[in-house]
Structure formats: structure tokens, C-alpha cells
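Reader: I would like to understand how the labels used for this model are earned. Could you take me through them?

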Amino acid sequence: MRGKIMIQQLEYLLALARERHFGRAAAACHVSQPTLSAAVSTLERELDTRIVLRGRRFEGFTAEGERVVTWARRILAERDELLADIARARGGLTATARIAAIPTAVPATPFVTRQFLDRHPHARVRIEAMSSREIAQRLADYEIDAGLTYLDDETPPGTRHIRLYQERYALLAPATHPLMELPAVAWADAAKLPLCALTIEMRNRRIIETNMAADGARFIPVVETNTIGALYAHLTSLQLASIVAHTWLHAFGVPTGLAVRPMIQRGPGPWVGLIVLNRQPNSILAEALLTAADDPDVLAAIRNPVGSHIVDTESAQ
């Protein structure tokens, strides 16, 4: 092993790990495919080990290659931390904080990012929506700095977290439906409506199905989607119904022609929080996000929704 490993080689390797295709990886790195392939081959020679399984196309990584990819993620993450630390010493954070959020928590992200950007005005934020399982994997791969996700049995080990709020549920349905005259709606009654819902890989969907089953009902939505935007579009266009998390009402309110009523609570709702990797030294960006999320004003705003269109579902038990 000669050990002349270049950062650029590792960046090309991680692009290949993301894209699983030489051509797409090269395009993502803004280089030609021969340039990227040559860099990966050079890395193999420097490490004296085969990294990529090659045939007529990319076929995956060898066992040794998977280890190299893991180390590459760690090395580049440490590089980014070094640059962030230097920038902070020169006058403040200028890096991009990468946050992944489960779809139901996306409307809550502005509360955290506002506080973060107020504290670090030269920094930037990138937010992606993904499932709780994807968040766990992306954290482990150093591809995000923090995740906004459920804190339950599926919370990944080796992480630290701040509790933000307990999710509460309400029924959005046409205002003229008889159920909307009730002070609170039973899960079995809501199951009889033509419902929109998130897809099954989303933890929110599995939580709703559990509540339905506990009330003796089957949950068979008419429309399924993996985005809240598409769900709301169907609510407004087709006058369907949906069981929504209370945080959605912060961002979207109640569409014209619909009304909102709390679902009857079946015990306390699941906690949602901000999670980061528990590693040493601590990530500067992760620590900054945790500090922003733990601000009393942020917690009060998320946990105590305001506005006449927000239903306090805690009172309907």
C-alpha cells in the first residue's frame, strides 16, 4: 500500500456508491466517466485491494470495498468538520446543515431552522423528506447532520436526541359530513370515509393503522402518496378525508370546504425529535442544530400550536 489517497478519489467513490452507476456518478461529479473510473482504479492500486465489482456495468462493491466506502464517508465527514471549525473560528458557521425529516415533521422544520439561522446567519440549510428508516441509514453514512424523526423502538442506536413534541391526530374531512359535528372522532368511524394517507413505508402510516386496528377497524385508503403536498392536493381537489398530524396544520391549515376535528386519543402520541450521531469529537453542525432545537421558544411554538384552525387534540380523550 502506497497510501497516496486523494480526497477527490474518495468523493468519486462515494458518488459511485450513491448512484450505483459509473455514468451517473461521473455526471454528478461533473467529470467524464473515464476520469471517474480511472480515479477509482487508482484508489484500488493505492490500497492494494479490489473495491468495485466490474462487469459490463457496475455490479456493486467487494467486501473490502464496502469497508473502504464506510471509511470514505467518515473521512469526508471529518474533512467537512475541519472546514466548518476553521470557518467558525474566522467569524461564524458558513457550512450547510443537512436535515432529513419524516414527511409528517417537515412542517415543523421551520421552527428549528429559524432559530439555527438566527444564531448562524452565514450558514445554510438543506432539508429532505424521507422515511424514518432512510434517516437512520443516512445518519450512519454521514450523509446528513441531523434527522427529525420518531423517537420510539425504531430510533437508531448510537444517536443523541432532543424531544420536540408529541404527535397528535385530527380528521380533515368535508365540513358537511355528519362526523364533523362531533367534538371528537373515533378511529373506526373515520375508517369508513374515503381517506388519503401516506404510503406504508412511512412510520406515520403504520401508527395510524395500529390505532385503527385497536379500534376494530381496517385502514384501506383510497389514495396513497409519499408526500404531504400530494395528499393535501387530493383533499382540496376531490374533497376526500385524511387523518393528519397536528403539525401539518401549522403549515397548511384547513383547506376551503373542509373542517377539522380531533381524533379520540388512544394514549399519548409518539414523540418526535431531532437526532444526531453520538460521536467524538461532536459534529459542530449537529451540536448547533441540537442547541437550536432545544431553545424554549422553539419547543413552546411546536408543542402549543396557535391559531383558530388548530385543534387541541389533547383535550379530546
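Author: Gladly, starting with an aromatic residue: Phe-58 is buried, with a relative accessible area of 12%. This is a predicted model, in which local features need pLDDT of at least 70 and side-chain atom pairs count only at pLDDT 80 or more, while totals for chains, interfaces and linings use all residues. Residues are numbered from 1 along each chain as its sequence is written, and side-chain values use heavy atoms, leaving out hydrogens and water.

Reader: Why is Phe-58 called buried?

Author: Buried means under 20% relative accessible area, against over 50% for exposed and partly exposed in between (1.4 Å probe, protein chains only). Phe-58 has 12%, so the label buried applies. Phe-22, at 10%, is therefore buried as well.

Reader: What makes Phe-22 and Phe-58 an edge-to-face pair?

Author: Ring centres of Phe, Tyr and Trp (its six-membered ring) must lie within 6.5 Å; planes under 30 degrees apart count as stacked, over 60 as edge-to-face and the rest as tilted. By this rule the count comes to five aromatic pairs. For Phe-22 and Phe-58, the centres are 6.0 Å apart and the planes make 75°, hence edge-to-face. Phe-61 joins these two in one aromatic cluster.

Reader: How do you know that Glu-143 makes a polar contact with Arg-138?

Author: A polar contact is a pair of N or O atoms within 3.5 Å; within protein, one must be able to donate a hydrogen and the other to accept it, and residues adjacent in sequence count only if both atoms are side-chain atoms. The side chains of Glu-143 and Arg-138 make such a contact at 2.7 Å, so the term fits.
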